[in-house]
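Please work through the following exercises with the sequence and the model side by side, trying each task before reading its solution.

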Amino acid sequence: MTPKKVIVIGAGAAGMMCAGNAALCGGDVIIIEKNSRVGRKVMITGKGRCNVTNNCDSSAFIANVPTNGRFLYSAINSFSTQDTMDFFERNGVPLKTERGNRVFPVSDKAVDIVDALHRFIDQSACKLINDEAAALLVKDGAVYGVKTASGGKYYCDSVVIATGGKSYPLTGSTGTGYLLAKQAGHTIVEPKPSLVPIVSSDTWCKELQGLSLRNVSLTVRSKESHKEIYKDFGEMLFTHFGVSGPIILSASAHLAHKQADNYYLSVDLKPALTEKQLDARILRDFEMFINKDIQNSLNKLLPSKIIPTVIRKSGIPFETKCNSVTKEQRCALANAIKNFTINIKGFRPIEEAIVTSGGVSTKEINPKTMESKLCKGLYFAGEVIDADAYTGGFNLQIAFSTGYLAGTSCAYSPYDY
């Protein structure tokens with residue numbers, strides 16, 4: 001039987017996983033990638049360490065995908081988190097599991113993941129073309145090729161769009177996949193930033209710029225009802241515009257972006273201590289520094305950089321001596337520590353988001369194959385699809401699972417079903 005000709009647009013995580021598996025299934029595969037190097041976005045994930053997946057089962061994985069998680073059942077069951085770990089171990093990248101079941105290469109180098117994927121497509125005999133896909137060639141409701149920016153035309157039986165979203169455009173994710181999908185008649189759910197730093201209206205955030213807090217508890221609440229919207233535990237970072245860090249990025253995925261200022265953040269700076277235990281600890285510190293001003297007595301309890309802000313929030317005058325602090329003032333101080341509030345103004349732009357929420361509507365994609373319901377032979381993989389997850393390796397797993405499923409499906413002509 002003549003091998004099916006497959007074109008994969010994009011050589012990121014989804015594109016390379018797709019292309020290699022399409023080739024293993026007998027496809028004659030061409031990858032069109034506009035960057036001079038493959039896997040540009042993978043290189044910067046996990047702060048350059050690459051949180052490659054999450055060591056969890058399929059149900060836990062779906063629970064961490066707030067946007068169209070159910071759509072991914074077939075994909076994650078076709079290529080699970082364990083399959084991803086086995087793939088990289090088999091391809092020469094030892095892995096380790098850290099807090100929150102996050103999986104990283106033992107080397108802590110994202111380049112090892114990229115190199116493994118690059119070897120995979122090379123060994124699978126995929127042909128890599130450095131060019132930009134400009135348009136799909138479509139006739140009678142079926143795709144039959146791709147036209148590139150340089151004027152080249154490549155003909156095929158199947159095309160997979162794996163171009164990523166709009167976040168980190170310097171890595172090549174500029175939203176071109178949406179234009180190609182629209183050309184084939186697809187609906188694009190408005191792209192917006194997900195897993196993105198939060199902008200605060202509190203000017204004191206700039207004073208704390210660079211301060212990283214570890215092992216803190218974060219709660220997102222509604223300003224109107226004070227109802228808990230989201231809760232997390234981990235690390236956060238103050239910036240010149242507001243806050244960032246793992247728990248902040250995850251929290252952003254739970255907020256309605258057009259009403260961001262309807263929420264506020266409450267940080268428990270000492271979640272391991274009850275209010276009673278915290279009060280006892282404060283009393284001990286005050287006794288140790290009994291004749292000092294309150295602002296000079298909390299260095300054993302809190303990072304020095306945040307102490308002035310905590311005291312300001314408590315309402316206690318800075319020059320108050322420890323031996324004159326009242327019980328009510330201690331209560332206010334403990335509340336400022338256990339309920340350190342940050343007002344939300346908005347979000348950083350989509351270009352700074354870890355992933356894009358929105359994209360090609362899942363209603364128009366067959367979840368069992370990743371093939372378009374509107375255009376025969378057209379498939380989608382990765383971030384271009386309207387499905388995104390929390391931090392922790394889940395978004396890269398979406399890329400690998402949808403890439404694998406699209407790759408193993410597209411190597412067969414839709415007319416062979």
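**Exercise 1.** How many bridges join strand 13 to strand 16, and in which sense do they run?

*Solution.* This is a predicted model, in which local features need pLDDT of at least 70, side-chain atom pairs count only at pLDDT 80 or more, and totals for chains, interfaces and linings use all residues. Residues are numbered from 1 along each chain as its sequence is written, and side-chain values use heavy atoms, with hydrogens and water left out. Helices (H or I, at least four residues) and strands (E, at least two) are DSSP runs numbered from the N terminus, and two strands pair if DSSP finds at least two bridges between them. Strand 13 and strand 16 (residues 263-268) run antiparallel and are joined by six bridges; in strand 16, Ser266 is the bridge partner of Thr219.

**Exercise 2.** Describe the pairing of strand 13 with strand 14.

*Solution.* Strand 13 (residues 212-222) pairs with strand 14 (residues 228-238) over eight bridges in the antiparallel sense, and Arg221 stands opposite Glu228 of strand 14. Five residues lie between the strands of this hairpin, where His226 takes a positive phi near 65°.

**Exercise 3.** Compare the expected span of helix 1 with its end C-alpha distance, and say how many of its residues are buried.

*Solution.* The expected span is 1.5 Å times one less than the number of residues, so the twelve residues of helix 1 (residues 13-24) should span 16 Å, which agrees with the 17 Å between its end C-alpha atoms. Eleven of the twelve residues are buried (under 20% relative accessible area, with exposed over 50% and partly exposed in between, using a 1.4 Å probe and protein chains only), among them Met16 and Cys18. Gly26, which follows helix 1, has a positive phi near 100°.
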